[in-house]
There are 2 protein chains.
Amino acid sequence: MKKSSRLSLALHALVHLEAQPDKHLTSTALASCLLTNPVVVRRILGELREARLVAASKGPSGGWMLARPAEDITVREVYAAMGESLLVRTQSEPGDHGCAIVRSVDAVMKDVLADAEALLAERLAQLRISDLARQTHGARIPQLG
Amino acid sequence: MKKSSRLSLALHALVHLEAQPDKHLTSTALASCLLTNPVVVRRILGELREARLVAASKGPSGGWMLARPAEDITVREVYAAMGESLLVRTQSEPGDHGCAIVRSVDAVMKDVLADAEALLAERLAQLRISDLARQTHGARIPQLG
DNA sequence: TTTTCATGTAACTTTATCTGTTACATATAG
DNA sequence: CTATATGTAACAGATAAAGTTACATGAAAA
């Protein structure tokens with residue numbers, strides 16, 4: 001894991017959950033699929049849980065499940081739930097704003113990036129977890145131990 | 001300075017250069033405008049110099065100038081010159097690609113982000129340094145010492 | 001030609017952010 | 001009760017960006 005691949009991890013986890021709709025998958029099991037740590041899985045799926053995209057249950061035979069059918073979960077929702085921007089923030093520090101040029105550059109770029117993000121969101125709204133899962137068909141989906 | 005605000009710094013510097021078309025501005029003078037370090041200015045403007053957007057001259061009365069009129073420099077060119085992506089890379093590590101799900105998620109997201117980036121670039125091509133400068137009119141442009 | 005002042009870079013330090021890890025509280029099925 | 005899962009806090013390590021220092025190089029100006 002290197003870059004900010006949180007969104008990628010989240011999508012990956014969701015597709016794994018989709019692949020086994022009736023099972024609860026534990027953070028540990030998912031972590032071994034995602035080649036990361038159970039705590040990292042909990043952190044990421046925790047955000048998705050707050051957005052009601054997945055549900056967690058504790059105790060023996062507990063774990064994670066999709067809270068809704070994969071057809072009803074768009075990548076846009078996942079993206080929003082992560083509270084992450086796919087667009088780099090170009091804003092300067094608050095302290096720099098004494099300069100009028102900084103303010104106008106920031107303002108213009110903020111507008112442009114807001115537009116771009118809206119377009120991107122629109123595009124992501126067309127993509128569903130089930131689409132990602134379908135994309136994997138033909139390729140083998142590794143079963144969990 | 002905190003975030004990856006290199007593009008913001010570059011645009012800010014270019015607008016300062018536009019504001020004083022006949023003067024050479026030194027890295028030190030620009031650094032005090034941008035509230036950063038002369039070396040950082042040289043690093044950033046150095047990339048713009050390679051893209052022929054600005055020119056540098058050494059020695060006394062040397063410094064930086066726009067290589068072309070501000071009307072002929074688009075933000076897209078600046079963006080390209082910085083070799084920076086405004087879009088976050090969602091790709092996983094090469095090692096993770098043993099899993100078919102990772103590969104398909106990455107592939108789909110790569111396509112979506114490439115489309116989004118193309119749209120963004122198109123939009124940035126409409127924006128010129130002179131537009132950013134005009135945006136600052138009415139607000140005072142601080143003169144350099 | 002010599003001095004002065006600017007860029008051009010390399011190398012290192014500092015800082016911010018993200019991930020990995022450990023530890024433990026909490027809850028729940030059996 | 002006990003085993004096993006999530007939920008979090010707290011801290012360590014890795015990475016990348018920015019800040020800093022130092023100095024070589026080159027060009028204008030005296």
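1. Helices (H or I, at least four residues) and strands (E, at least two) are DSSP runs, numbered from the N terminus. With that labelling, Thr74(A) sits in the loop between β2 and α4 (75–81) of chain A.

2. The model is predicted: local features need pLDDT of at least 70, side-chain atom pairs count only at pLDDT 80 or more, and totals for chains, interfaces and linings use all residues; side-chain values use heavy atoms, leaving out hydrogens and water. Residues are numbered from 1 along each chain as its sequence is written, while chains are lettered from A and ligands numbered from 1 in the order in which they are written.

3. Chain A overall. It holds 6 helices and 2 strands. Along the sequence the pattern reads α-α-α-β-β-α-α-α. Of its 145 residues, 48% are buried. Buried means under 20% relative accessible area, exposed over 50%, and partly exposed in between (1.4 Å probe, protein chains only). Contact means heavy atoms within 4.5 Å. Among contacts in chain A with a separation of 6 or more, 64% join residues 24 or more positions apart.

4. Back to Thr74(A). This loop residue is buried, at 10% relative accessibility. Beyond its neighbours within four places in sequence, Thr74(A) is in contact with Leu124(A), Ala125(A), Leu127(A) and Arg128(A).

5. DNA strand C. A residue is near a strand if one of its heavy atoms lies within 4 Å of it. By that test 28 residues surround DNA strand C, and the closest are Thr36(A), Arg43(A), Ser27(B), Arg42(B) and Arg49(B). Sugar and phosphate make up 60% of the atoms of DNA strand C that come within 4 Å of the protein.

6. Polar contacts to strand C. A polar contact is a pair of N or O atoms within 3.5 Å; within protein, one must be able to donate a hydrogen and the other to accept it, and residues adjacent in sequence count only if both atoms are side-chain atoms. Arg43(A) places a polar side-chain atom 2.9 Å from a base nitrogen of DNA strand C. Lys58(A) does so 3.3 Å from a sugar or linking oxygen. For Arg49(B), a side-chain N or O atom is 3.0 Å from a phosphate oxygen. Elements giving two or more residues to this surface are α3 (38–50) of chain A, with α3 (38–50), β1 (54–57) and β2 (63–66) of chain B. The largest share, 4 residues, comes from α3(B).

7. DNA strand D. Again 28 residues lie around it; Ser27(A), Arg42(A), Arg49(A), Thr36(B) and Arg43(B) come nearest. Sugar or phosphate accounts for 58% of the strand's atoms within 4 Å of the protein, bases for the rest. Thr36(B) has a polar side-chain atom 2.7 Å from a phosphate oxygen of DNA strand D. A side-chain N or O atom of Asn37(B) lies 3.4 Å from a phosphate oxygen. From chain A, a polar backbone atom of Gly59(A) is 3.1 Å from a sugar or linking oxygen. Here α3(A) gives the most to the surface, with 4 residues.

8. Residue classes at the DNA. Ala, Val, Leu, Ile, Met, Phe, Trp, Tyr, Cys and Pro count as nonpolar, Asp, Glu, Lys and Arg as charged, and the others, Gly among them, as polar. The surface near strand C has 8 nonpolar, 11 polar and 9 charged residues. Near strand D the split is 8 nonpolar, 12 polar and 8 charged.

9. Helix packing in chain A. Axes are lines fitted to C-alpha atoms, for helices over the stretch in contact, with angles from 0 to 180 degrees between N-to-C directions. Helices α1 (residues 6–19) and α2 (residues 27–34) of chain A pack at about 120°, axes 10 Å apart. The contact uses Leu9(A), His12(A), Ala13(A), His16(A) and Leu17(A) of α1(A), and Leu30(A), Cys33(A) and Leu34(A) of α2(A). These residues comprise 6 nonpolar, 2 polar and no charged.

10. Asn37(A). It occupies the loop between α2 and α3 of chain A. Asn37(A) is partly exposed, with 39% relative accessible area. A polar side-chain atom of Asn37(A) is 2.9 Å from the backbone nitrogen of Val39(A).

11. Backbone check. Ser61(A) has phi near 65°, a positive value in a residue other than glycine. Ser61(A) lies in the loop between β1 and β2 of chain A and is exposed, at 69% relative accessibility. Arg52(B) also has a positive phi, near 65°. Its place is the loop between α3 and β1 of chain B, and Arg52(B) is exposed, at 65%.
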